[in-house]
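Thank you all for making time this morning. I would like to walk you through one structure, slowly, for those who have not seen it before.

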Amino acid sequence: MKIVIIGAGEVGFYVAKALSQENFDITILDIDPVKCRRASENLDVIVVEGNGASPKNLKKADVEHADYVLALTRVDEVNLIASQQAHELGAKRIIARLRNQQYTAHDSIIRPEHFGIDRVIHPEREACQEIVRLVRHPYATMVTDFEGGRLQMIGIRLKEKCHFIIGKAVKDVCEINPEIKFGVVAIVRNGEATVPWGDFIFENGDIAYFITRTDKLDGLLKVVGVKHEMNRRIMILGGSKIGRSVAEELQNEMSVRLVEKNREKATQIATLLENTMVVNADGIDVEFLKSENIQEVDSYLAVTNDEQTNLLSGILANHLGVKQSVVHIATTDYQPFIQEIGVAAVVSKNMSTVNTIIRDIRSDQSETSLFSMEEIGVEVVEFNPEPGSPVTEKPLSELDFPRDSLVGVINHHGQLSIARGTFQLSDEDNGTGVHQTFLDEKVEKVVHASMNTRPILNILAGLVTLLGLTMLVPACIALGYGEYDAQGFFLSAGMVMTGGGIVWLFTRGNNRITNKDGFAIVTFAWILVAAAGAIPFYVTGVIPNVTDAFFEAMSGVTTTGATIIGNVATLPNLPHGIESLPHGILFWRSFIQWIGGMGIVVFYIAILPLLGINGFQLFKAEVPGPVADKIRPRVRETAKYLWMVYLGITLAEIILLGISGMSWFEAICHSFTTMPTGGFSTRNASIGAYNNSAIHYIIIIFMFLAGVNFSLHFKLFTGDRKALWKDNEFRNYLGLVLGVTLIITLTRVAQTGGWSHMEFRDSLFQTVSIVTTTGYATADYELWTFAAQFILLALMFIGACGGSTGGGMKVIRILLIMKYTAMETRRMLHSRAIIPIRIGNRYISEDIIRNTLGFFLFYISIFAVATLLLAAMNVDITSAIGAAASALGNIGPGLGAFGPTDNYALLPDFGKWLLSFCMLLGRLEIFTVMVMFSHVFWK
């Protein structure tokens, strides 16, 4: 189901957050770049920046195919216009947030249905209804109805007088009071929510969320030790829309006083509310509150438009003796913690709106409802068990439920029962389940969330096990050719799958991960995959040295292409270098580059639906470029489509190389190393071994394509023919390749004294090979002019496009740095000028610029340090510079002793480990790895 959300403010963000955890495709459209960036960096959604009332932007968000359009900006007129245009474009159902309730009045001239709106949500009305429920249940921090009012969820703060429950386990309290029929679905303690199982112990100060049948509510209150006394005296601070609505709702059944600081506004309200006493005063004046006998007030409702005033006055009222204080706030991140400082209940019109929208969508979608308590990270879901599902075959106590979820209520043909461990559902029942959602990053910082070791180990073990399974392919190839490496591959596969499988089995469970976990998973994944990928090299005896085997594997999975194979002195078992390798090993070298090209973790996300929204943290940490572009709303689908494009282009190259004269085995191997811009070849002379111009040009074309952002390939394949040329980075990438090719060709013509097709072809080939960081060679460029070598060295640093399989700093970052330099130069002449940086029509935020400058500084610093360390190992300076630039840029060949016709066999072991680390840094774009060295990361 496709949902387009117009407006990425508080409401839009939390609606998107809740729905994206379900199986919905979410696109967010907002004009504010800051809000867009927040959504893009934290949610598994696609974000479109622009005015939500613009037809062009609505089409860009694909409103035509939307099942739902949610117009949720803060401006009613924008929501109305956006709704009308979405309706005209073909959106199936439209929900709009309207602050002005006159639009839905019975005598309104302008009606929402005139704009194609199917459902109107009034934030203030939703908040008013929630506050009224709290006033009518003064003992509660939250009240929500289910099943047409037959079922209620109530939050109650446990105090010392609740001696029947404090210090006891949940199951014991339920067993002692079997006739009450209630369940405990959530506990908030010290600001952190828990879905409690039977062994959970209640403590003083807990906010417990109970679910019970409405007719059993009085019995529950007796168990908790709370008296159900009706409120009689109400004081409302603030003549806001919410304040006026609450007063109007309650004035005929309770004594209501409304305090408004603005005299003119207070006078106006007094004429509208006949049975409400309106007082013109400052609600946070202690003397005024005392004069109004605040200690006799049953409920104090702080609902001004200033949430700081609301919070302060709520605390003050509670201190002065009010029985119940309710405050309204807009910010929801710290809502659970506010209740810890003495406020009885917190209401947010934003979260009330969010819950109403989510429930409405879920009700339409599957005749079930979802109540999302995003403020404490808990969701309540109604579900229908499918025939044959585990929940219909075993009692609840015997099911392998994760610790953060439970079944609360069972509806059997209209008969409601509170679930117990002995219950077993049938496919005719409806169940109400509770589970925790992922805590917002801000809240996690407040509660000092640490790394989740179990899910990290589980995902890493799954990756390694999957890699072990792929080792069976080269094993079968080796068997087919009757070569000696077959047994080694089978043994390697068994070792890797057994070790990974055992860890995976013992760490199964909740795979909830945070940003911090994502960095750890991606970094350790590449290290472990390189280590596992080295096992076949070592076990088959092809590379009997651990350091060399790991270097070769790390070079493969990071798509660097540097090799230690080719020196008879270090590997006498391979007298003909690469061409002495058996077919299984040749295929394995190519295959690990192929899976490393698009990304090992992205591959895992694409084929295994185990990560859900958590995969977004891994996607951001692994995908190269200043930003992780998504081509589909959900990360799993983005990963799948990226791999489909990747596979499709690979197959096309295999076919073209095969029909151009290359053997099919070598066509597969070279295609597997061209698309990831890896550069491993089956020949010692690389592509220069094939005296075939057709093969050379085919590989040139596919190297160039591999250097293009893969999201552009997807757009091109799906009908956007102008996608490539509209992209500013691609145009500069193409211009760079053509310009450098022309310059190098001219230098070679000047060197040789004449022009030939081979000189042009080799210049073009090496330019594309180096700028895309593939590392193939058709000529020894160390024999070219120093100018040509210097240009190629510069290309090693630049790299290809962001979002491609190439390494280096990326063209987009170089563009940003150049534009930033130009901006600072202009600012020296006009010190107070505000000069925005744009790439094409896109404004680049300061955060991205700062990130790019930091990346550049890290990149150059690491290059300098690596060069210095290599030089300290008696490596000549030219070779040290080339090796450091090649490893960090994931290129392969360098300069001097490590040029295109040489290898890294004679480099000292420490140098090989150093370059292996540089390869990892380059592939994961430095920050993902370097953050692991921060002491803050391990706190």
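I will go through a sheet, then one residue, and then two pairs of helices.

Please keep in mind throughout that what you see is a predicted model.

Let me begin with the sheet, which is an open one made of six strands, and if you follow them across you meet them in the order E3-E2-E1-E4-E5-E6, with parallel pairing. At the edges stand strand E3, residues 46-49, and strand E6, residues 119-121, and because each has a single partner strand, one side of each is left without a neighbour in the sheet. On average, and ignoring direction, neighbouring strands in this sheet are turned by 15° against each other.

To look at one pairing in detail, take strand E1, residues 2-6, and strand E2, residues 25-30, which pair in the parallel sense over five bridges. Within that pairing, valine 4 has threonine 27 in E2 as its bridge partner.

Now to a single residue, alanine 86, which sits in helix H4, residues 76-89. Is alanine 86 buried or exposed? Its relative accessible area is 0%, and therefore alanine 86 counts as buried. Setting aside neighbours within four places in sequence, alanine 86 is in contact with Leu58, Val63, Val69, Ala91 and Ile94. Alanine 71 lies 15 residues away along the chain, and the C-alpha atoms of alanine 86 and alanine 71 are separated by 9.5 Å.

Let me turn to the helix pairs. Two packed helices are described by the angle between their axes and by the distance between those axes.

In the first example, helix H20, residues 583-598, packs with helix H24, residues 664-674, at an angle of about 30°, and their axes are 7 Å apart. Since angles under 35 degrees count as roughly parallel, H20 is roughly parallel to H24. The crossing of H20 and H24 is left-handed, and the residues making the contact include Phe587 and Trp594 of H20 and Phe665 and Phe672 of H24. By class, the contact of H20 with H24 divides into eight nonpolar, four polar and no charged residues.

In the second example, the axes of helix H28, residues 728-752, and helix H29, residues 757-771, come within 8 Å and cross at roughly 135°. H28 and H29 are therefore oblique to each other, and their crossing is right-handed. Among the residues of this contact are Arg748 of H28 and Glu759 and Asp762 of H29. The contact of H28 with H29 has 11 nonpolar, five polar and three charged residues.

Methods. Residues are numbered from 1 along each chain as its sequence is written. This is a predicted model: local features need pLDDT of at least 70, side-chain atom pairs count only at pLDDT 80 or more; totals for chains, interfaces and linings use all residues. Side-chain values use heavy atoms; hydrogens and water are left out. Two strands pair if DSSP finds at least two bridges between them. Helices (H or I, at least four residues) and strands (E, at least two) are DSSP runs, numbered from the N terminus. Axes are lines fitted to C-alpha atoms, for helices over the stretch in contact, and angles run from 0 to 180 degrees between N-to-C directions. Buried means under 20% relative accessible area, exposed over 50%, partly exposed in between (1.4 Å probe, protein chains only). Contact means heavy atoms within 4.5 Å. Angles under 35 degrees count as roughly parallel, over 145 as roughly antiparallel, 65 to 115 as roughly perpendicular and the rest as oblique. A crossing is left-handed if the near helix is turned anticlockwise from the far one by less than a right angle, and right-handed if clockwise. Ala, Val, Leu, Ile, Met, Phe, Trp, Tyr, Cys and Pro count as nonpolar, Asp, Glu, Lys and Arg as charged, and the others, Gly among them, as polar.
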